[in-house]
Amino acid sequence: MCGHCGCGEEAATTVLNLQTGKQATMERGAGHAHDYVHEHGHDDPHGHGHEHGHDHGHADSGGTPARELVELETRILAKNDAIAEKNRAWFKGREILALNLMSSPGAGKTTLLERTIRELKDEIRLFVVEGDQATANDGKRIRAAGAAAVQVNTGSGCHLEADMVARGLQELKPAPGSVVMIENVGNLVCPALFDLGEQAKVVILSVAEGDDKPLKYPHMFRAAQMMILSKMDLAPHVDFDPERAIANALRINPSISTIRLSARTGEGLDHWYDWLRGELARVHDRAFA
Amino acid sequence: MHELSVTQNIVAIVSEAAKGRRVTRVTLEVGKLSGVMADAVAFCFDVVAQGTVLEGASLEILEIDGLGRCETCGLEFEAETLFAPCPCGSMRWKRIRGEELIVKSMEMVEAA
């Protein structure tokens with residue numbers, strides 16, 4: 001709880017372990033700067049890289065105190081990216097395939113996961129990090145389908161960040177050789193910017209949406225390695241043109257792959273499962289590369 | 001609004017470097033292909049800076065134009081969006097500039 005930036009109890013990020021029922025509230029250091037008054041025990045105020053201590057000539061004018069310009073040249077997302085790299089190394093050492101699933105709300109991420117868990121349960125161990133702003137509804141659905149899950153509720157946040165995934169993994173303890181599905185918050189904008197340490201980003205576009213979505217949300221489709229066209233059973237009833245959607249995605253990202261499927265009828269799921277098997281085999285082969 | 005987290009990161013980076021001294025100005029570089037809207041960062045900045053050493057600081061955002069290098073014809077061209085093709089028509093191009101998200105510098109009150 002913090003009075004400085006307005007991030008109250010409601011906005012805090014929580015992690016719920018659906019196996020134990022234990023819920024934790026995350027202390028998220030990355031975004032906050034509340035410790036600015038405490039000393040870091042080094043007295044030299046000029047200790048940061050090269051800096052230009054010019055005073056703009058105002059020093060003797062009485063009114064304006066002298067200013068000091070300090071060059072920082074720091075990447076804004078450096079902290080997130082460093083944690084993401086740690087996650088990636090953690091996955092790699094355990095030969096775990098981690099996928100970051102992203103879509104707009106309602107494209108069918110959870111439904112696809114439920115069916116995948118049920119149909120591959122004798123072959124692949126699946127673990128799920130569920131991201132939503134609020135509620136454990138999706139986490140419970142995943143549990144009911146037969147996989148271990150943690151629910152990360154981001155509060156006011158519109159996407160998962162690498163530290164949330166790290167905290168989720170601490171609870172989830174995915175087994176070596178397993179697949180970790182990270183279901184991001186439903187949103188085609190913000191999640192594209194934040195590396196979580198996954199091996200691949202998968203974007204899901206349902207045929208109930210527009211086939212121009214890749215053009216409207218280019219960052220997302222540029223970042224993804226795989227596009228899933230979901231709810232293909234609805235295709236005859238809507239104006240969505242799969243060929244046009246694929247052409248639009250390829251305009252943004254010439255190397256993106258596509259699978260068409262319906263988690264309801266089962267159409268195309270074999271391709272999805274084959275892709276998962278192939279990615280998992282690749283993770284295994286590259287563990288010591 | 002990922003710009004809120006982006007802005008929180010900016011304030012955290014600057015606060016840490018300032019070590020308790022008051023910051024009067026922050027300069028950022030934001031690439032036009034970065035997916036971050038400079039206006040939205042500016043909108044968040046005053047709110048996030050409240051109660052920190054950055055409170056009241058002015059924010060300067062240097063927007064960096066996108067530059068692409070075509071993998072088909074080799075041309076370097078200004079890319080205004082991610083889906084702008086190379087003048088030769090090819091969509092296969094690498095972003096070589098325009099994705100910057102950098103805290104460039106800060107200005108502080110001179111230590112007494």
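**Exercise 1. Find the backbone signature just after helix α2 of chain B: which residue takes a positive phi there?**

Solution. Step 1: locate the helix, where helices (H or I, at least four residues) and strands (E, at least two) are DSSP runs numbered from the N terminus. Helix α2(B) covers residues 38–49. Step 2: read on past its end, and you meet B:G51, whose phi is positive at about 80 degrees.

A word on the model before we go on. This is a predicted model, in which local features need pLDDT of at least 70, side-chain atom pairs count only at pLDDT 80 or more, and totals for chains, interfaces and linings use all residues. Residues are numbered from 1 along each chain as its sequence is written, while chains are lettered from A and ligands numbered from 1 in the order in which they are written.

**Exercise 2. Check the length of α2(B) and work out which of its residues are buried.**

Solution. Step 1: the expected span is 1.5 Å times one less than the number of residues. For the twelve residues of α2(B) that gives 16 Å, and the end C-alpha atoms are indeed 16 Å apart, so the two agree.

Step 2: apply the burial cut-offs: a residue is buried if 20 or more other C-beta atoms (placed from the backbone) lie within 10 Å of its own, exposed if 12 or fewer, and partly exposed in between. B:V41, B:C44, B:F45, B:V48 and B:A49 qualify as buried. They span an arc of only 125 degrees around the axis, so they sit on the same side of α2(B); the arc is that of the directions from the helix axis to the C-beta atoms.

Step 3: turn to the face away from that buried side, and you find the exposed residues B:D39 and B:V47. Step 4: look for the cover over the buried residues, which includes α1 (2–18), β1 (23–31) and β2 (58–64) of chain B.

**Exercise 3. Describe the surroundings of strand β5 (residues 97–103) of chain A.**

Solution. Step 1: seven of its seven residues are buried, so β5(A) is largely enclosed by the rest of the structure.

Step 2: sort the side chains. A:L97, A:L99, A:L101 and A:S103 point one way, and A:A98, A:N100 and A:M102 the other.

Step 3: find the partners, given that two strands pair if DSSP finds at least two bridges between them. With β8 (residues 179–183) of chain A the pairing is parallel over five bridges, and A:L101 bridges to A:E183. Five bridges also join β5(A) to β9 (residues 200–206) of chain A, again in parallel; here A:L99 stands opposite A:A200.

Technical notes:
Two residues are in contact if their C-beta atoms, placed from the backbone, lie within 7 Å.
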